[in-house]
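Work through the exercises below with the model open. Try each task before reading its solution.

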Amino acid sequence: MKSRPSDLPFPRLVSSPVRLLLLALSVTMLSACTSDNDPVVEQETPAGDAGSGEDVDTNTGITTLTLDASAGGFGAEEGDAANKWAYLDLDSGQVLDLTDAEAGLSTQWDVALKRVDVRTNGGASGPGSVTAALADAQSVFYDEEGEPDLEVFSAATADGELPALQRAIDTSQLTFEADSDVAAINGSGIDEAASWWLYEAADHTVNANDNAWYVVRGADGQSSARFHVTDIDQSSQQISVELFIQNTGESTFSDSAVIWTATIGGDGGSACYDFEQMVDVDCLAQADTWDLQFEIAAGGRSWNAWVNGGEVRSAGTQGAAFGPIASESIADYESSAAVPTWFEDAPGGVFTNSSWYAYDLDGNHRIWPNYRVYAVDTGEAIYKMQLLSYYDEAGTSGIVTLRYDIVE
């Protein structure tokens with residue numbers, strides 16, 4: 001039984017899963033990704049049982065394995081057994097035969113994979129005490145603005161990036177975190193290209209980022225809105241939002257803006273909005289009908305925007321989001337039909353906030369690994385890990401190859 005007391009951090013300023021799609025080249029990258037939680041919906045990939053092609057290098061001690069994380073692809077219904085996660089026990093190097101329900105009560109798994117998503121067994125993702133940290137950000141793959149460098153990604157190989165995994169890691173200098181709830185609408189406070197609010201360290205202020213637009217699908221799966229935050233009154237914790245709504249039966253977003261002022265107050269709390277009624281609604285009384293929620297913790301310690309769908313604030317509804325979209329591109333989204341894929345609020349952590357991949361670097365809808373190195377503390381050992389590829393040799397997506405080694 002894996003058990004090690006761990007202090008769960010105060011909920012972090014979460015970032016969006018649609019968010020900074022990062023990556024690097026693998027020789028098997030050919031086909032498109034497919035799922036409501038993947039960057040593109042282009043072809044059907046059959047979901048299958050997780051399988052492991054484990055290989056341990058006796059010279060280096062590095063374990064390399066390939067597992068089927070294709071569940072959740074196009075055509076997989078929510079609740080279908082084929083939609084399950086693949087659960088990996090790092091200590092044994094085995095993919096465990098667990099249903100999602102069983103995994104929710106199990107401390108035996110350490111890392112779970114499903115399409116591009118990675119979770120660890122702790123915090124919001126599971127009952128264990130597993131934590132993770134970013135050990136090597138592989139910053140050479142990105143320019144000074146944080147944009148992926150196609151030339152570097154294109155030249156990178158798994159063999160060439162092996163030294164990044166082999167380098168010694170001083171784990172005492174890393175910040176280990178358990179998974180927490182992650183919003184599909186980026187609220188990191190630091191990403192100028194994505195976060196709906198920005199924190200200014202110089203004067204300790206929270207300000208609106210009106211250049212970060214998002215499209216939100218309502219709780220009913222029919223109504224939607226494109227929006228951006230135009231102003232924040234930090235003292236009263238009041239958020240001004242400009243929305244262009246597309247209600248049920250309409251084919252485009254309205255040309256007329258609706259201004260919603262979400263007044264939360266200094267004590268913190270939540271404010272919710274209904275697209276169909278175009279009014280504030282009570283978040284609890286209308287738990288199954290609100291479409292967009294802003295939440296601020298007491299004292300302004302965290303600022304989040306939630307959709308009414310997924311695993312965080314959902315009442316079993318269909319709310320989801322897409323973005324960020326820059327101001328100069330938002331006009332391209334004339335209706336919700338222009339959204340290529342939707343993302344829901346869900347648990348996530350280091351692998352979400354510091355993604356292991358980049359997407360569509362040269363217009364070919366491919367996943368490119370960036371060979372970042374993560375440290376995963378299972379409670380029994382600390383491992384360093386790289387994700388190497390998202391495709392098998394036939395080009396099937398969702399077949400993930402990774403490698404890891406124990407930290408000496």
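**Exercise 1: A charged loop**

Glutamate 145 sits in the loop between strand E7 (131-136) and helix H2 (150-155). Helices (H or I, at least four residues) and strands (E, at least two) are DSSP runs, numbered from the N terminus. The model is predicted: local features need pLDDT of at least 70, side-chain atom pairs count only at pLDDT 80 or more, and totals for chains, interfaces and linings use all residues. Residues are numbered from 1 along each chain as its sequence is written, and side-chain values use heavy atoms, with hydrogens and water left out.

Task: Decide whether glutamate 145 is buried or exposed, then find which residues gather with Glu145 in a patch of negative charge.

Solution. Step 1: take the cut-offs. Buried means under 20% relative accessible area, exposed over 50%, partly exposed in between (1.4 Å probe, protein chains only). Step 2: apply them. Glutamate 145 has 63% relative accessibility, so it counts as exposed. Step 3: look at the surface around it. Asp143, Glu144 and Glu147 join Glu145 in the negative patch. Patches are made of residues with over 30% relative accessible area and no salt bridge; like charges are joined within 9 Å, nonpolar side chains (Val, Leu, Ile, Met, Phe, Trp, Tyr) within 5 Å.

**Exercise 2: The disulfide**

Task: Find which cysteines form a disulfide, and state which parts of the chain the pair ties together.

Solution. Step 1: search the whole structure. One disulfide turns up; the criterion is a pair of cysteine sulfur atoms within 2.5 Å. Step 2: name the pair. Cysteine 272 and cysteine 283 have sulfur atoms 2.0 Å apart. Step 3: place the partners. Cysteine 272 is in strand E15 (residues 269-274), and cysteine 283 is in the loop between strand E16 (279-281) and strand E17 (292-296), so the bond ties together parts eleven residues apart in sequence. Step 4: get the handedness. The S-S torsion is about 115°, so the disulfide is right-handed. Step 5: check exposure. Both cysteine 272 and cysteine 283 are buried.

**Exercise 3: Salt bridges**

Task: How many salt bridges does the structure hold? Place the partners of each one.

Solution. Step 1: count. There are three salt bridges, each a side-chain nitrogen of Lys or Arg within 4 Å of a carboxyl oxygen of Asp or Glu.

Step 2: take glutamate 311 and arginine 119. Their closest N and O atoms are 2.8 Å apart. Glutamate 311 lies in the loop between strand E18 (303-307) and strand E19 (320-326), arginine 119 in strand E6 (residues 117-120), so this pair ties together parts 192 residues apart in sequence. Arginine 119 is buried, because its relative accessibility is 11%.

Step 3: take aspartate 136 and arginine 167. The closest N and O atoms are 3.2 Å apart. Aspartate 136 is in strand E7 and arginine 167 in the loop between helix H3 (162-166) and strand E8 (180-182), so parts 31 residues apart in sequence are tied together. Aspartate 136 counts as buried at 18%. Arginine 167 is partly exposed at 44%.

Step 4: take arginine 313 and glutamate 295. Here the closest N and O atoms are 2.7 Å apart. Arginine 313 is in the loop between E18 and E19, glutamate 295 in strand E17, 18 residues away. Arginine 313 is partly exposed at 25%. Glutamate 295 is partly exposed at 21%.

Technical notes:
Accessible areas come from the Shrake-Rupley method with a 1.4 Å probe; for residues, only the protein chains shown count as cover. Lys and Arg count as positive and Asp and Glu as negative; His and the chain ends are not counted. The place of a charge is taken as NZ of Lys, CZ of Arg, CG of Asp or CD of Glu.
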